[in-house]
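Q: I am new to this structure and would love a close look at one small part of it. Could you pick a spot, walk me through its surroundings, and then show me a little of what lies elsewhere?

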Amino acid sequence: MLLEMGFSNFFSIKDEVCIDFKAGNINTAGAKELTDNIFSFNDEILLKVQGLFGPNASGKSSIIKAAQFCRKLILESAQYNEGSAFDYQPFKFDDYTLKPSSFFIDFVAEGIEYEYSFSFNKNEILTEELYYYPGKRKSKVFTRNESAGPSKSDIYSFGEGQFVKPLDVAHSTGKQTLFISRASQMDRELAKKIYNYFRTQLLIGLPKL
């Protein structure tokens, strides 16, 4: 279940664009006719379906490309080797080619809400974070900041009890690879749950007309 997705500095997208599935509190007659398009999760009212509307060259395709790229990187980055370059273009103007691109995904897998985010440039992952909600409060699974220091213990910080030997995974995670992808490949249960959410549930594409 996708709750929210945001991305920035990706093809024609400059500043952050957010796709939010939380329903607005609109009490009009028209809104009441759309009650079949809403459901509830943890006291939130959510939309089942959203539409993207706008003129040609307004960025609709870039939003689809961004979501597809995000999914592909999670599923495939464990295969990337040293020297690989990510197949995308940052925003072309205002020196945005020198700035990182970023993604944020708020989703529910097996009844638990997760917030996952990462930033990157053409050649490497820069940051990566995963949080979850075991109850009402947000808890850390891990954070990653490649600029925090020379060692993996400087770069990574882990919450309690979410991964078995997480630093073993970190030592096997190159700068072109997302930690969550490597951890899934190394048979860590939580990472496999996240990986399988993106593999089997976050299916993105344009309809064939």
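**A close look at Ser 62**

A: Let's begin with a pair of serines: the side chains of Ser 62 and Ser 12 make a polar contact at 2.7 Å. Please keep in mind that this is a predicted model. Ser 62 sits in helix H2, which covers residues 60-76. Is Ser 62 buried or exposed? With a relative accessible area of 9%, Ser 62 counts as buried, because the cut-off for that word is under 20%. Its neighbours come from another stretch of the sequence: leaving aside residues up to four places away, Ser 62 touches Phe 10, Phe 11, Ser 12 and Ile 13. Ser 12 therefore appears both in this list of touching residues and as the partner in the polar contact.

Now for a helix further along. H6 takes in residues 189-200, twelve in number, and spans 16 Å from its first C-alpha to its last, close to the 16 Å expected at 1.5 Å a residue. Its buried residues are Leu 190, Ala 191, Ile 194, Tyr 197 and Phe 198. Looking down the axis of H6, you would find these buried residues within an arc of 120°, so they line one face of the helix. The general pattern behind this is friendly to remember: an α-helix has 3.6 residues a turn, so residues three or four places apart point the same way.

Finally, a word on cysteines. The structure has zero disulfides. Cys 70 is buried, at a relative accessible area of 0%, whereas Cys 18 is partly exposed, at 38%.

Note on methods
Residues numbered from 1 in each chain as written. Predicted model: local features only at pLDDT ≥ 70, side-chain atom pairs only at ≥ 80, totals over all residues. Heavy atoms only, no water. Helix = DSSP H or I, 4+ residues; strand = E, 2+ residues; numbered from the N terminus. Expected span 1.5 Å × (residues − 1). Buried < 20%, exposed > 50% of the residue type's maximum accessible area, 1.4 Å probe, protein only. Arc of directions from axis to C-beta. Disulfide = S-S within 2.5 Å. Polar contact = N/O pair within 3.5 Å; in protein donor to acceptor, adjacent residues only side chain to side chain. Contact = heavy atoms within 4.5 Å.
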